[in-house]
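Me: I would like to learn how to read a structure of this kind feature by feature, beginning with how far it can be trusted. Could we go through it together?

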Amino acid sequence: MNTALKIRGYYLVANCVPLRKSQNYIKHTAETKLNRKLRKVILWRIISFTIAGIISYVYLGEFKRSLELTVILTVILTTVQYYYESFWEKETI
């Protein structure tokens with residue numbers, strides 16, 4: 001349903017969307033942003049895991065110790081990055 005309103009010789013046309021449809025759109029948009037953010041964090045962590053693993057192996061010279069260090073760092077940094085991204089979105093919008 002469209003409505004038109006004439007103001008000072010100009011027509012303002014607005015789409016009237018039922019509230020339920022509008023709420024579903026907002027919910028879908030929020031879920032999409034969350035999924036996108038989560039995918040971004042996971043992809044970056046895969047890249048950083050690989051780089052950190054290579055560097056720690058070259059530095060430590062032991063596969064087992066470098067793998068342990070890399071896993072610990074990846075878990076901690078993934079959590080920190082996720083919350084940092086959430087904080088950044090709230091503060092910059």
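Reply: Let us begin with confidence, since this is a predicted model. The mean pLDDT of the protein is 77, and 65% of its residues reach 70 or more. Where pLDDT is low, the predicted coordinates should not be read in detail.

Me: In which element is confidence lowest, and in which is it highest?

Reply: Confidence is lowest in strand β2, residues 10–15, where the mean is 54, and highest in α2, where the mean is 87.

Me: How should I read the burial of a residue, taking S66 as the case, and is S66 buried or exposed?

Reply: The general idea is to compare relative accessibility with a cut-off, and a residue is called buried when the value is under 20%. S66, which is found in helix α2 (residues 63–92), has a relative accessibility of 3%, and therefore counts as buried.

Me: Which residues is S66 in contact with, once its neighbours within four places in sequence are left aside?

Reply: With those neighbours left aside, the contacts of S66 are G53, S56, Y57 and L60. A52 offers a further point of reference: A52 lies in helix α1, which spans residues 19–60, and its C-alpha atom is separated by 8.6 Å from that of S66, although the two residues are 14 apart along the chain. A52 has 26% relative accessibility and so counts as partly exposed.

Me: How many salt bridges does the structure hold, and how do I read the accessibility of the residues that form one?

Reply: A salt bridge is judged by the distance between a side-chain nitrogen and a carboxyl oxygen, which must lie within 4 Å. The structure holds one salt bridge, formed by E62 and R65, whose closest N and O atoms are 3.9 Å apart. E62 is partly exposed, with a relative accessible area of 38%, and R65 is likewise partly exposed, at 44%.

Me: Which residues make the nonpolar surface patch, and which helix gives the most to it?

Reply: To read a patch, one asks which residues make it and which elements supply them. Here I54, Y57, V58, F63, L67, V71 and V75 make a nonpolar surface patch of about 700 Å². Helices α1 and α2 each supply at least two residues of the patch, while α2 gives the most, with four. One of the members is V58, which has its place in helix α1 and is exposed, with a relative accessible area of 66%.

Me: How do I describe aromatic rings that pair, and how many aromatic pairs are counted here?

Reply: A pair of aromatic rings is described by the distance of the centres and the angle of the planes. In this structure the count comes to two aromatic pairs. The rings of Y82 and Y83 have their centres 5.6 Å apart and their planes at 80°, so this pair is edge-to-face. Y82 is partly exposed, with a relative accessible area of 23%, whereas Y83, at 56% relative accessibility, counts as exposed. Y84 and W88 form a tilted pair, with 6.0 Å from centre to centre and 35° between the planes.

Me: Why are Y84 and W88 separated by about one helical turn?

Reply: Y84 and W88 are separated by about one helical turn because they are four residues apart in helix α2. Y84, at 46% relative accessibility, counts as partly exposed, and W88, also at 46%, counts as partly exposed too.

Technical notes. Residues are numbered from 1 along each chain as its sequence is written. Side-chain values use heavy atoms; hydrogens and water are left out. Buried means under 20% relative accessible area, exposed over 50%, partly exposed in between (1.4 Å probe, protein chains only). Contact means heavy atoms within 4.5 Å. Patches are made of residues with over 30% relative accessible area and no salt bridge: like charges are joined within 9 Å, nonpolar side chains (Val, Leu, Ile, Met, Phe, Trp, Tyr) within 5 Å. Accessible areas come from the Shrake-Rupley method with a 1.4 Å probe; for residues, only the protein chains shown count as cover. pLDDT is the predictor's confidence in each residue, from 0 to 100. Rings of Phe, Tyr and Trp (its six-membered ring) pair if their centres lie within 6.5 Å; planes under 30 degrees apart count as stacked, over 60 as edge-to-face and the rest as tilted.
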